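Here are my notebook entries from a browse through this model. Have the structure open beside you and follow along.

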Amino acid sequence: MEDGAGIIVATVGGELSSGEFEGNQEPVEGMLFDTEEAARAFYDEYATRVGFVTRVLSSRRSERDGSIISRGLGCRDGPYSKQSEGVALQKRDRRRDGCTAMILVKKEKSGWAVRKFVRDHNHPLVVSLPNRRTNLDEKDRKIQELTAELRVKKRLSTAYRDQLLSLMKDVEEHNENLSMKAQVVLNKLKELDAKRKDLSHHR
């Protein structure tokens, strides 16, 4: 059964089926959502309840139409600081050994399915977190989306350039063939003119 967020829960065996969404539900592989927004809202709610702040880890777009087909969400690598009055976050740990807690959802025929979930964090969690995503997190998401869109446009630009170069090569070869044929015709005309003059001298 679907709830207000458009969430469908899978059975433990992995077969997708309808189920009741409970407030204390944590992500499980095979869980299905109607939309990517529903999946993000669910993970945000889970993160707020558990005690960490989420951020966009990765985005993948379709090479065919540029739409998002997978999204990785994870922990912002540190506990929330109450001294910041609920707005600022501690600086993100950019080292390779940062927190690996995350969720990966992929777009499939039946909806957005959870394909990977890492529960454990390598830092303390807090009891209460703000219910809204920060402006910095929105900026991260926008950068991810624009970067992915730029990659798609670069691939399209390369494809168009290759097609244009191929067309120019064909036109050049066609012009060379026409020039060669025109030269052959001109030589034939010169030969015919020479024969005509030769015949007129022998009369």
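**Entry 1, confidence.** I began with residues 78–96, where pLDDT (the predictor's confidence in each residue, from 0 to 100) stays under 50. For that stretch the model has 29 contacts beyond four places in sequence, a contact being heavy atoms within 4.5 Å. Residues 1–21 also stay under 50, with 37 such contacts. Where pLDDT is low, the predicted coordinates should not be read in detail. Over the protein chain I noted an average pLDDT of 75, with 71% of the residues at 70 or more.

**Entry 2, ground rules.** This is a predicted model, so I kept to its limits: local features need pLDDT of at least 70, side-chain atom pairs count only at pLDDT 80 or more, and totals for chains, interfaces and linings use all residues. Residues are numbered from 1 along each chain as its sequence is written, and side-chain values use heavy atoms, with hydrogens and water left out.

**Entry 3, helix α1.** Helices here are DSSP runs of H or I, at least four residues, and strands are runs of E, at least two, numbered from the N terminus. How far apart are the end C-alpha atoms of α1? I found 21 Å for the 15 residues 36–50, which agrees with the expected 21 Å; that expected span is 1.5 Å times one less than the number of residues. Buried residues (under 20% relative accessible area, 1.4 Å probe, protein chains only; exposed is over 50%, partly exposed in between) in α1 include F42, Y43 and Y46. G51 follows α1 and has a positive phi, near 120°.

**Entry 4, core.** I looked up the largest nonpolar core, meaning buried Ala, Val, Leu, Ile, Met, Phe, Trp, Tyr and Cys joined through side-chain atoms within 4.5 Å. It has 20 residues, and Y43, F52 and F117 are among those that touch the most other members. α1 gives the most to this core, six residues.

**Entry 5, aromatics.** Rings of Phe, Tyr and Trp (its six-membered ring) pair if their centres lie within 6.5 Å; planes under 30 degrees apart are stacked, over 60 edge-to-face, the rest tilted. I counted five pairs by this rule. Y43 and F52 are edge-to-face, 5.9 Å centre to centre with 65° between the planes, and both are buried. Y43, Y46, F52 and F117 form one cluster.

**Entry 6, hairpin.** Strands pair if DSSP finds at least two bridges between them. β3 (54–61) and β4 (68–75) run antiparallel, joined by seven bridges; T54 has C75 as its bridge partner. Six residues lie between the strands of this hairpin, and G66 in the turn has a positive phi of about 80°.
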